[in-house]
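Reader: Could you walk me through the cysteines and the chain interface of a model? I would like to learn how to read each feature.

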Protein chains: 2
Amino acid sequence: MSAESNAPVRLVIVGGVAGGASAATRARRMNEQAEIILFEKDDDVSFANCGLPYHIGEEIKDRDALVVASADFLRRRFRLDVRTREEVVSIDREKRVVTVVRRGMTSEQDKTYEQPYDKVILAPGASPIVPDLPGVDSDNVLTLRNLVDMDRIKARVDSGSVRRAVVVGAGYIGLEMVEQLRRRGVAVDLIELRDQVLPLLDHEMARPIEEALRRNNVGVHTGVGLESIQRDGELATSVRLSDGKELPTELVILGIGVRPNARLASEAGLEIGGTGGISIDEYSRTSDPDIYAVGDASEPVYGPTGTPMRVPLAGPANRSGRLAGEHAVTGMSATATSVWGTSVVRVFDVSVGMTGLTRASAKRFGKEADSVTVVAKHHAGYFPGAETMTLKLVYEPNTGKVLGAQCVGGEGIDKRIDVIATAMHFGGSVRDLAGLDLAYAPPFGSAKDPVHMAAFAASNSLDGIESFRDSDASLEEVQIVDVRGATEIEKAPLCKASGSIHIPVDELRDRLDELDRTKPTVVSCAVGVRGHIAARILRQNGFEVQNLAGGATVRNRCFD
Amino acid sequence: MSAESNAPVRLVIVGGVAGGASAATRARRMNEQAEIILFEKDDDVSFANCGLPYHIGEEIKDRDALVVASADFLRRRFRLDVRTREEVVSIDREKRVVTVVRRGMTSEQDKTYEQPYDKVILAPGASPIVPDLPGVDSDNVLTLRNLVDMDRIKARVDSGSVRRAVVVGAGYIGLEMVEQLRRRGVAVDLIELRDQVLPLLDHEMARPIEEALRRNNVGVHTGVGLESIQRDGELATSVRLSDGKELPTELVILGIGVRPNARLASEAGLEIGGTGGISIDEYSRTSDPDIYAVGDASEPVYGPTGTPMRVPLAGPANRSGRLAGEHAVTGMSATATSVWGTSVVRVFDVSVGMTGLTRASAKRFGKEADSVTVVAKHHAGYFPGAETMTLKLVYEPNTGKVLGAQCVGGEGIDKRIDVIATAMHFGGSVRDLAGLDLAYAPPFGSAKDPVHMAAFAASNSLDGIESFRDSDASLEEVQIVDVRGATEIEKAPLCKASGSIHIPVDELRDRLDELDRTKPTVVSCAVGVRGHIAARILRQNGFEVQNLAGGATVRNRCFD
């Protein structure tokens, strides 16, 4: 699949972070004779993009820690011709040269020159989206993409002038910034246009994150847009929301998403895909086989749909960079695998991870999907420190093929996501998940892991042994049986379940007469385990019954 | 794959813990009309076997936490006919009855009766091996298998009379007992007949555990047997080892392994397998299709070899119990999947997990195997709290099919083992591992996870891009190049590498003349990363070169 080479190929790489740096170092390791020129328009190469928020919050204290490999290091160890502050502005595919602007101290000092190439790898990344609003160019309205951005934000916070900040966009970067600004004692308001934080997740799976934000005194404003920014001189002083609210602020962070830097490719006549990224084949080659594209600017195949899609995440960027670097200098490499959008974020004491499709995205993509939700402990419940997680497994109705998963909670949510992402790589089904032999000892897991529990539930559903009621579905016109104990019910009544009948599961067999056998019935407990037992009892006694997915715990997240 | 049933089948289950309890509750959920009789010869059902050491050490403070489901609870919630202190002593397959002895207060009060059955599930577990040595019946020479054993050990420790203990056997239970006894302030000596702790692991992977034991002042005696136990009245006072050493002690814990409780099955004429467990098919049926066997007494298919083997672990016991319970009352279930010996144990601040084959066990099974070893951080190195792990990946030389993995370190070792175990379930190769889309954010992982790094190394080896020297191989008659910096080398010289040449990797290209191109060459660094770069440079310059697997870190574990 791979090969080495000693051909004196001239490789030009555009962009020196993540994908570009991975490509360059792998190319060197494959080929000592290659001439490898790494262009980076900004000052820094190979820095830890994903670490930026954490230095602002001083969770990462040492700025130098974020420099994975300096330009000097890359020159020394890998004999790379690293050229920072040099921007590739065009590609002449006929002449096989790129035009480069070398930045001077002022723009008058800029120098333009041509650099011949045999192969090009485009790793230009993506740029933060900045809405076209008056005031958006204020000195304290900032985005976060590189070390310069980071320094700028941190300097403001360090100066003590930021008591209140507004973060726009409740995606990964937005949430990480919120958390880190709170660490610095800044009061934070978070604005999200969609009606939930982390819009990539199913609604009820994002709720625990929203709760964590509120617990940490973050003002959460969902379903509202940023309408205008008021300023005083060079500084924004408040933002106005679409609902009319005005929030005073000394700092605005825009985290609304990124736009692929595909202009260079598109002006060179390379094919651009349906989601705005550079089209690539399985070796990350663009429509010109001598030009590759990797990372946030490109469109790899998205596993769950099998179609090209931008998935701007660091992992795929690094790994596809590595493969493109190898292919460019040897003509061979393993094919880049599909990406599944596997991701994770920590927000205070709650973390959430996902891979593949959600119920909502499956619907958007026109894919039929079922799901189950379990609430379980990250390790043996009897062992001290067990933390609760909610795991939602999305799968194909008939085949049981796993389409995706979301997991929110404390410790160990990343493990379950990675296990399920691994199964998805192989096209695995929920029955595969049920049969996995996972590591168990009390400090690490359970003999029946949350992954197993979710897979058991899904298998039960596929086999017609159990039927689930979606946690956000209507409970009108059904007979609702809450099988919890009286005190439990009192503490956390089931949302939108008027007229529910209370029969503790252990009494159910003896109290069947209190129920109407002719009525469609939904049972509910705290998380779905007793509901499962109750549903089985009722079903075997002739009831048409569904178990409420995730019980009251998850339902109440839908309607709280 | 599954089905429900309302047939009034009479199911007898022998053994009420783990597999037996899982079988009983699943059987009830599948079939409300079944008569389900659960026999347990001891006092307790469904207790947390794996938690016992932790209550002795008071890490689990509440004894009740270990009772997963009491007999009363099982009766109430699942209408199980639970009969504790009743032992099934024989099976008459002709008459379809089991003979039961109901224990009285004294053996004279024992009552014997026959219990008819339609189906039987055998879940008798295994018993600790007790060597035939004088003194082994002393009151303070104990094994740990159930709550009664636990109480007995804990009472001794609680009484304050145990200042010194000897633990015999450095497997999972032995190590957990060592850790928990140290928590209680007891001085502990650990004896292991094999020449390493955790004999299931490759030698160098077990070393960090041994170091953790020594750091915690445990006397580690490997390669020695227990020769005799000296006693004073009813109490052992010291043990003598095969090397002549005598260790005074107030408590001896035997953790040498377990023997399957297969007598009942064998006397009933059921087939017994090659490793001494009850033979079963893919539905856990014994050679009599009306009798099932699950858990430690049975022989499921061992994934890596495809042949039946005892794998006495809690996870497979619980999951196969569940499937057997379903099959017994409905005649249908999913097939029990193979087991891979996936396991994990925490020993003070170090944890180790494994799945599938080691290099050593592959050799024992006559399977060709290669391996790579990487040393990496459990999450982004620049993020505070990154802990180091050593991950060894074992795979088939030509296909790259993953055969097993071992991972030792701090946080996150269980995640890597579970990911690899999942890939093995699907017959995945190291190339699959290299392409996995795993969750990454700085607090959770790295863009290139340790799993990726190991898979990259293995793929390089398969592709002939890199060749590894086993960490324990001889370095005689090769040219050894240590590419670390001078201070690094001084701090941790490479073991058994006399005459090694020191050239820092960054100077290598310019100092090739100092090396002999005609000599087989081995490069080494701290963990193998710089060694990889150096090996690539040398190879492209005409050297025949290998990179020492895991660098000095792992080699020095082999010879320290």
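**Cysteines and the interface**

Author: Let's begin with Cys558(A), which is buried at a relative accessible area of 14% (buried means under 20%, exposed over 50%, partly exposed in between, with a 1.4 Å probe and protein chains only). This is a predicted model, where local features need pLDDT of at least 70 and side-chain atom pairs count only at pLDDT 80 or more, while totals for chains, interfaces and linings use all residues. Residues are numbered from 1 along each chain as its sequence is written, chains are lettered from A and ligands numbered from 1 in the order in which they are written, and side-chain values use heavy atoms, leaving out hydrogens and water.

Reader: How many disulfides does a search of the whole structure find?

Author: A disulfide is a covalent bond between the sulfur atoms of two cysteines. The rule asks for a pair of cysteine sulfur atoms within 2.5 Å, and the search finds zero over all chains. For Cys558(A), the closest cysteine sulfur is in Cys495(A), 8.9 Å away, which is too far for a bond.

Reader: And how many salt bridges does the rule find across the interface of chain B and chain A?

Author: A salt bridge is a side-chain nitrogen of Lys or Arg within 4 Å of a carboxyl oxygen of Asp or Glu. The rule finds 14 across this interface. Lys415(A) and Asp414(B) form a salt bridge through their side chains, at 2.6 Å from N to O.

Reader: How many residues of each chain are in contact?

Author: With contact meaning heavy atoms within 4.5 Å, 90 residues of chain B touch 90 residues of chain A.
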